[in-house]
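Okay, hi everyone, thanks for letting me go today. Have a look at what's on the screen, and I'll talk you through it piece by piece.

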Amino acid sequence: MKAIFILWLRELKRYVRSRAQIVASLGNPLLYLLVLGFGLGPVFKRAGNGDYFQFVTPGVIGMAVLFSSIFSGLGLLWDRQFGFLKETLVAPVPRLQIMIGRTLGGATVAVLQGLLICVVCVIAGFRPAHLATVPSALGFMVLIALLFAALGVAIGSGLQDMQGFQLIMNFLVMPIYFLSGALFPLTGLPRVLSYITKADPLSYGIDGMRNMLLGSSSFDPMLDFAVLAIVGAVLLVVGAWRFSKIEI
Amino acid sequence: MICVQNLVKTFGSFTAVNGISFEVAEGEIFAFLGPNGAGKTTTIKMLTTLLRPTGGSIVLDGLNPQFEQNEARKRFGIVFQDPSLDGDLTAWENMEIHGVLYHLPHRLRHHRMEELLRLFELWDRRNDQVKKFSGGMKRRLEIARGFLHTPRILFLDEPTLGLDPQSRNQLWTHVKKLNETERVTVFLTTHYMDEADRVAHRIGVIDHGKLAAQGTPAEIKQQTGATNLEDAFLALTGSTIRDEEANSADKMRQFARMWSGGRR
């Protein structure tokens, strides 16, 4: 237990200390929020879909959480060659505890990053429809963070070089984001696209958050929760298994 | 303390370590020498539970690291070829995490951390982030950390690579001192023959995955009729340069150097 705690704490300390990195990682979501939020607003409204800024906010929060959590896992690539990870791999502690500490740490940082974006969104004019369901939105944020931190570990455990990292970035992380309904509603899509979006776990996370923050959604919130919980649990198991097999 | 018999490691069709056997006695400093790609790091990885041997047996302090992994891990400390400190954390925090991972009780841990940080002349900088340290200081901290859980064996994989002669000299002085006061067995690799000559009680020379020679520095020189260890080494391993193809770790190392501006 102590090992899990101290490794979790390590991730947190690193996050708090890297101010430049915090600011840098806010850049992308803010760009989406401000440029798309205000830029596409008029078109969206004319199409009869309401306020796009409100609509895109959960998507942008989801983006921050997705990127932060999946990168914490992919960071294994670096950490096991030049970082502290190698040191923990020879410590007399079960690999499972190390994986859990690291994944929880990465997920916690991702949630903090999401909350930071929340604050910025509120300052920029976002207003949740019901305050009572805001804590449930936080719950969805936690689920997204855990799921993708675990996915990151599952992939990062097997990554061999920086090229692999680029590939994952372009062919996995970006599609997960763009196909999740973060930026556009999932209703009335061409059939193929609609199947793909339904296979993307982030769709359910964003949908759940959007439901809790705005009261509008494409899926049932229980379905959102169930998909995230089950896929998240599976990925945690896969991540733990892959992590236990790391040889350096 | 370390007993290796017929150790083999193959990666696909490539045999990195090809049936080596040697013993290291308790309290001994054993230098494991060899050209690039000879199998040094692979051997260290197998000894330290990071790689599973393809064949042969290893006994560390009476334990089989393959089956009694956690018990074996408590008995050794290791300093890797590549840095393994967390640069965002302070020296103290790096030590603290190590102490917790090795289950040292609170008071003992802090007592030992202070003792080692003072010994390695890092006490005044204990609350500074490690990324602000020089290469020599980082190395010292890694070695201090390796000693934290009072291991019976310390593995040092090219610990002096990239350090200036002053730092190297100081580092070996510390290691020798702890070898004497705590009777720690030291297993090291290095490319600096003068270091091995000066520090090691015994030497093993590995080439192409096989042990080419082993014995005291004097014996090795005698065997080859050379006056210094460098000549003996060249006589044993030939003077052709080993051009290894860069593996993924090398590529990342290059990347790391690019980002850190050439410092380790």
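**The six-stranded sheet in chain B**

So, let's start in chain B, where 6 strands make an open sheet with mixed pairing, in the order E5-E6-E7-E3-E8-E9. At the edges you find E5 and E9 of chain B, and each of them has a single partner strand, so one side of each is left without a neighbour in the sheet. On average, neighbouring strands here are turned by 15 degrees against each other, if you ignore direction. And please keep in mind that this is a predicted model.

Let's walk along that sheet a bit. Strand E3 of chain B, residues 29-33, pairs with strand E7, residues 185-189, in the parallel sense, over 4 bridges. If you want a spot to click on, take B:Phe30, which stands opposite B:Phe187 in E7(B). Now look at E8(B), residues 202-207: 4 bridges join E3(B) to E8(B), and the two run parallel. Here B:Phe30 stands opposite B:Arg202.

Is E8(B) mostly enclosed or open? Well, 5 of its 6 residues are buried, so E8(B) is largely enclosed by the rest of the structure.

Next comes E9(B), residues 210-215, joined to E8(B) by 5 bridges, and these two run antiparallel. One pair to look for is B:Gly204, whose bridge partner in E9(B) is B:Gln214. E8(B) and E9(B) form a hairpin with 2 residues between the strands, and in that hairpin B:His208 takes a positive phi near 50 degrees.

**Helices on that sheet**

Two helices to point out here. First up is H9(B), which lies across E3, E8 and E9 of chain B and runs at about 35 degrees to E8(B). Inside H9(B), residues 229-237, you'll find B:Ala235. Is B:Ala235 buried or partly exposed? It has 18 C-beta neighbours inside 10 Å, and being buried takes 20 or more, so B:Ala235 counts as partly exposed. Leaving aside its neighbours within four places in sequence, B:Ala235 is in contact with B:Thr224 and B:Ala226. As for B:Gly225, it sits 10 residues away from B:Ala235 in sequence and 9.1 Å away in space, C-alpha to C-alpha.

The other helix is H5(B), which lies across E5 and E6 of chain B at about 170 degrees to E5(B). Here's a quick sanity check you can do yourselves. H5(B) covers residues 135-147, so 13 residues, and at 1.5 Å a residue they should span 18 Å; the end C-alpha atoms are 19 Å apart, which agrees. Of those 13 residues, 10 are buried, so H5(B) is largely enclosed by the rest of the structure. Among the buried ones are B:Leu141, B:Ile143 and B:Phe147, but also B:Lys138 and B:Arg139. What covers them? The cover includes E5, H3, H4, E6 and H6 of chain B.

**The three-stranded sheet**

Chain B also has an open sheet of 3 strands, in the order E2-E1-E4, with antiparallel pairing. E2(B) and E4(B) stand at the edges with a single partner strand each, so one side of each is left without a neighbour in the sheet. Neighbouring strands are turned by 20 degrees on average, direction ignored. Helix H1 of chain B, residues 40-47, packs on this sheet, touching E1, E2 and E4 of chain B, and its direction makes about 115 degrees with that of E1(B). Between E1(B) and E4(B) there are 5 bridges, and B:Gln5 stands opposite B:Ser57 in E4(B).

**Where the chains meet**

Now for chain A. The contact takes 25 residues from chain A and 27 residues from chain B. On the chain A side, H1(A) gives the most, with 7 residues. By class, that side has 11 nonpolar, 5 polar and 9 charged residues.

From chain B, look at H3(B): its buried residues pack against H1 and H6 of chain A together with H4 and H5 of chain B. In H3(B), 9 of the 11 residues are buried, so it is largely enclosed by the rest of the structure.

**How sure is the predictor?**

Last thing, confidence. Chain B averages a pLDDT of 88, and 94% of the residues score at least 70. Among the elements of chain B, H3(B) has the highest mean pLDDT, 95, and H10(B) the lowest, 68. For the complex, the predictor gives an ipTM of 0.86 and a pTM of 0.88.

Notes. Residues numbered from 1 in each chain as written. Chains lettered and ligands numbered in written order. Predicted model: local features only at pLDDT ≥ 70, side-chain atom pairs only at ≥ 80, totals over all residues. Contact = placed C-beta atoms within 7 Å. Nonpolar A, V, L, I, M, F, W, Y, C, P; charged D, E, K, R; others polar. Expected span 1.5 Å × (residues − 1). Buried ≥ 20, exposed ≤ 12 C-beta atoms within 10 Å, placed from the backbone. Pairing = 2+ DSSP bridges. Axes fitted to C-alpha atoms, helices over the stretch in contact; angles between N-to-C directions. pLDDT = per-residue confidence, 0-100.
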